[in-house]
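Q: I am new to this structure and would like a close look at a single part of it. Please pick one strand, describe its surroundings, and then connect it to the rest of the chain.

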Amino acid sequence: IHVYRKDTLRVLCRTEEKMSSSKTNEDEDFEIWPELLGDKHFVLSLPLCDCYLNNDSTWPWVVLVPRRRDVVESIDLSEADQTRLMREMSICSKALVKGWPNITKLNTGMIGCVCRQLHCHVLGRFENDVCWPKPVWGASEPVKYSEEEARKTCEKIEGLIRECMEK
């Protein structure tokens with residue numbers, strides 16, 4: 001079980017049987033902020049980031065959260081971690097395009113105004129989506145996944161990411 005502590009608050013995520021073996025001691029100090037975890041479903045752990053499905057079925061949308069303490073901007077990461085973050089963003093982008101071949105454009109963003117803990121959105125856009133061609137952030141009400149849809153979508157994305165990592 002993923003347990004992240006913010007003072008005495010504990011946030012529990014979905015159980016993940018097959019965790020990445022790339023976790024480090026630095027990961028043990030990591031705390032995900034509750035406002036970031038909010039409405040997301042855990043997908044898998046990558047070497048640097050935990051990957052979550054954003055709970056909006058309008059778009060295939062993942063959020064990468066580097067397991068590093070007190071990081072607000074990508075420039076706060078070491079150079080090696082900056083490179084790793086870009087690699088993981090690329091892997092997730094490829095996975096989304098592979099799983100949703102009708103994606104017109106990929107959007108990535110590290111805005112961080114609502115929650116300053118460093119996180120990166122990677123989502124696929126469609127020419128006929130509700131916000132096209134404008135940005136999606138705050139532009140429409142999220143269409144929440146059912147528990148079953150979220151489980152299946154997380155499994156699909158996890159498989160696609162693992163496939164893209166092998167290449």
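A: **Strand β4 and its surroundings**

In this predicted model, Cys 51 of strand β4 stands opposite Leu 64 in β5. That pair belongs to a longer match, since β4 and β5 are joined in the antiparallel sense over 5 bridges. The two strands also form a hairpin, with 6 residues between them.

On its other side, β4 pairs with β3. These strands run antiparallel as well, and 5 bridges join them. Here the bridge partner of Ser 45 is Asp 50 in β4. A hairpin links β3 to β4 too, this time through 3 residues.

Is β4 buried or exposed? Of its 6 residues, 6 are buried, so the strand is largely enclosed by the rest of the structure. The two faces can be listed separately. One carries Cys 49, Cys 51 and Leu 53, the other Asp 50, Tyr 52 and Asn 54, and all of these are buried. Both faces of β4 are therefore covered.

The sheet comes next. β4 is one of 5 strands in an open, antiparallel sheet with the order β3-β4-β5-β7-β6. The edges are taken by β3 (40-45) and β6 (105-109); each has a single partner strand, so one side of each is left without a neighbour in the sheet. From one strand to the next, the twist averages 25 degrees. At the β6 edge, the pairing with β7 is antiparallel and spans 5 bridges. Within that pairing, Thr 108 stands opposite Val 122 in β7.

Two helices lie across β4. One is α3, which lies across β4 (49-54), β5, β6 and β7 and runs at about 25 degrees to β7. The other is α4, which lies across β3, β4 and β5, at about 25 degrees to β3. A point where the chain meets itself again can be seen at Lys 94, which is in helix α3. The C-alpha atoms of Lys 94 and Cys 164 are 6.8 Å apart, although 70 residues separate them along the chain. Residues up to four places away in sequence not counted, Lys 94 touches Arg 87 and Cys 164.

Back in β4, one residue deserves a separate look. Asn 54 is in this strand. Its relative accessibility is 12%, and buried means under 20%, so Asn 54 counts as buried. What is Asn 54 in contact with, leaving aside its neighbours within four places in sequence? The contacts are Asp 39, Lys 40, Trp 61, Val 62, Val 63 and Tyr 145.

Asn 54 also leads to the largest pocket, which holds about 540 Å³ of space. The pocket is lined by 23 residues, and those closest to its centre are Lys 40, Asn 54, Trp 61, His 121 and Trp 137. Two of these names, Lys 40 and Trp 61, have already appeared among the contacts of Asn 54. By residue type, the lining divides into 11 nonpolar, 7 polar and 5 charged.

Two loop residues have backbone features of their own. Most residues other than glycine have a negative phi, and most peptide bonds are trans. Asp 70 has a positive phi, near 55 degrees. This residue is in the loop between β5 (61-66) and α3 (79-99). With 69% relative accessibility, Asp 70 counts as exposed, whereas Asn 54 in β4 is buried. The other case is Pro 133: the peptide bond from Trp 132 to Pro 133 is cis, with omega near 0 degrees. Pro 133 is in the loop between β7 (120-125) and α4 (147-166).

Finally, the whole chain gives the setting for β4. There are 4 helices and 7 strands, and from the N terminus on they run β-β-α-α-β-β-β-α-β-β-α. Of the 167 residues, 44% count as buried. Among contacts with a separation of 6 or more, 60% are between residues 24 or more positions apart. To sum up the part chosen here, β4 is paired with β3 and with β5, and its residues are buried on both faces.

How values were computed. Residues are numbered from 1 along each chain as its sequence is written. This is a predicted model: local features need pLDDT of at least 70, side-chain atom pairs count only at pLDDT 80 or more; totals for chains, interfaces and linings use all residues. Side-chain values use heavy atoms; hydrogens and water are left out. Buried means under 20% relative accessible area, exposed over 50%, partly exposed in between (1.4 Å probe, protein chains only). Two strands pair if DSSP finds at least two bridges between them. Axes are lines fitted to C-alpha atoms, for helices over the stretch in contact, and angles run from 0 to 180 degrees between N-to-C directions. Contact means heavy atoms within 4.5 Å. On a 1 Å grid over the protein atoms alone, a cavity is a set of points where a 1.4 Å probe fits but cannot get out, and a pocket is an open set with protein on both sides within 12 Å along at least five of seven lines; lining residues have an atom within 4 Å of a point. Grid points are joined across faces, edges and corners, and a volume is the space filled by probe spheres set on the points. Ala, Val, Leu, Ile, Met, Phe, Trp, Tyr, Cys and Pro count as nonpolar, Asp, Glu, Lys and Arg as charged, and the others, Gly among them, as polar.
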